[in-house]
Amino acid sequence: MTTLVHTRADLAAALDAATGEIAVVMTMGALHEGHRRLMRVARERSAFVLVTIFVNPLQFGPGEDYERYPRTLDDDLAACRAEGVSVVFAPGRDDVYPDGAPSVTMHPGPLGEILEGASRPGHFAGMLTVVEKLLMLTRADVAYFGEKDYQQLALIRRMVRDLELPAEIVGVPTVREEDGLALSSRNRYLSPEERRAALALSRALREGAAQGDPEAVLAVAQKILSEEPGVRPDYLALTGADLGPAPAEGPARLLVAARVGATRLIDNVPLTLLKGA
């Protein structure tokens, strides 16, 4: 039985009744198979799984899609029930920010100024602020996040480590459609033609990652993106696994962001660089 709560008081009552480890999956709703995979992974370890559904205004910049971001609570609840979620916390803005927009927020530091941070100023400060609040409100022992938002995951891990927050952060590999497109709540904005064009992102990452040499990785991926007129790249970056400089050899990450029509999509893959490849 999945319990839906909206207020801090009702959430606290539900948590008081919980036994064992509290596992949390934080979402903005419009749940898809990627979110459901997070719930299933959480359920494999913890008997009590809590899902948060909150479209956080702090992480949307001017001109971004806060107002049109899909809100599908009834469908989301059905998905949570099907996955055996214990509690869904779907607060209103005043429940999360009772004093209005906070004057003190989380500063993401240097890692928050590159890639998505450079393209979306203020985004990560808003994201980290709400994640910290929700970690505290939900009393999370462990929280699960998808690797599709890889920079977000890296920053949350850094925040938890630097501030010594009492929660374990677990990353779960990206879930994809059969044709390779990374699952995203924003995919529903794409027309059929735009969706076909969007496949260039995952193909660029996949074929780029198959190369061992850093220059070849970027050259192959960039060529694929440039050959798709429906894709307007924002960035294509090869980094270390921690989003620092790419190593000469060893684990690395290839990340991309691009606009397809009016929709901005991101994706990434892990890879291993080989010296002399």
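1. Lysine 148 sits in the loop between β5 and α7. Keep in mind as you read on that this is a predicted model. With a relative accessibility of 15%, lysine 148 falls under the 20% cut-off and therefore counts as buried. Beyond its neighbours within four places in sequence, lysine 148 is in contact with Thr174, Ala182, Leu183, Ser184, Ile266 and Asn268. Lys148 also belongs to the lining of the largest cavity, which is a good place to go next.

2. How many cavities of 30 Å³ or more does the structure hold? There is 1, and the volume of the largest cavity is about 70 Å³. Alongside Lys148, its lining includes Leu181, Ala182, Leu183, Ser184 and Asn187, and further along the chain Leu201, Ser202, Leu265, Ile266 and Asp267 also take part. Two elements give two or more residues to this lining, namely α8 (192-209) and β9 (263-273). The largest share, 3 residues, comes from β9. Sorted by class, the lining has 6 nonpolar, 3 polar and 2 charged residues. Ala182, Leu183, Ser184 and Ile266, all named as contacts of lysine 148, appear in the lining too.

3. Now for helix α7, which runs over residues 150-163. Its 14 residues reach 20 Å from the first C-alpha to the last, close to the 20 Å expected at 1.5 Å a residue. The buried residues in α7 are Tyr150, Gln151, Gln152, Leu153, Ala154, Leu155, Ile156, Met159 and Val160. What do they pack against? The partners are the helices α5 (116-119) and α6 (123-138), together with the strands β5 (142-146), β6 (168-172), β8 (250-260) and β9. Note that β9 turns up again here, having already given 3 residues to the cavity lining.

4. Leucine 153 is worth a click within helix α7. Its relative accessibility is 0%, so it counts as buried. Not counting residues up to four places away in sequence, leucine 153 touches Phe145, Gly146, Glu147, Ile169 and Gly171. If you want a distance to check in your viewer, the C-alpha atoms of leucine 153 and alanine 209 are separated by 20 Å, with the two positions 56 residues apart along the chain.

5. Two residues that are not glycine have a positive phi, and they make a nice pair to look at. Glutamate 164 follows α7, lies in the loop between α7 and β6, and has a phi near 55°. Leucine 243 is placed in the loop between β7 (231-240) and β8, with a positive phi of about 70°. Are they buried or exposed? Glutamate 164 has 70% relative accessibility and so counts as exposed, whereas leucine 243 is buried, with a relative accessible area of 6%.

6. On to the annotations. The unreviewed UniProt entry lists His35 under "active site". In the model, histidine 35 lies in helix α2 (residues 33-45), and at 11% relative accessibility it counts as buried. Its contacts, leaving aside neighbours within four places in sequence, are Thr27, Gly29, Ala30 and Ser185.

7. Serine 185, one of those contacts, is found in the loop between β6 and α8. Serine 185 is buried as well, with a relative accessible area of 6%. Setting aside residues within four places in sequence, serine 185 is in contact with His35, Gly29, Ala30, His32, Tyr69 and Pro70. Gly29 and Ala30 are thus contacts of both histidine 35 and serine 185.

8. The unreviewed UniProt entry also carries a "binding site" annotation, covering Gln59 and Gln152. They span 94 residues in sequence, yet their C-alpha atoms are no more than 11.4 Å apart, so they gather at one spot. Glutamine 59 lies in the loop between β3 (48-53) and α3 (73-82), and glutamine 152 lies in helix α7. By relative accessibility, glutamine 59 at 9% counts as buried, and so does glutamine 152 at 17%.

9. Which residues surround the two glutamines? Outside the four places on either side in sequence, glutamine 59 is in contact with Met28, Glu64, Arg120, His123, Gly126, Met127 and Val130. On the same terms, glutamine 152 is in contact with Phe124, Met127 and Phe145. Met127 is in contact with both, and Phe145 is also touched by leucine 153.

Conventions. Residues numbered from 1 in each chain as written. Predicted model: local features only at pLDDT ≥ 70, side-chain atom pairs only at ≥ 80, totals over all residues. Heavy atoms only, no water. UniProt positions renumbered as here; feature names shortened; annotations may be inferred. Helix = DSSP H or I, 4+ residues; strand = E, 2+ residues; numbered from the N terminus. Buried < 20%, exposed > 50% of the residue type's maximum accessible area, 1.4 Å probe, protein only. Contact = heavy atoms within 4.5 Å. 1 Å grid on protein atoms, 1.4 Å probe; cavity = no way out; pocket = protein on both sides within 12 Å on 5 of 7 lines; lining within 4 Å. Points joined across faces, edges and corners; volume = space filled by probe spheres on them. Nonpolar A, V, L, I, M, F, W, Y, C, P; charged D, E, K, R; others polar. Expected span 1.5 Å × (residues − 1).
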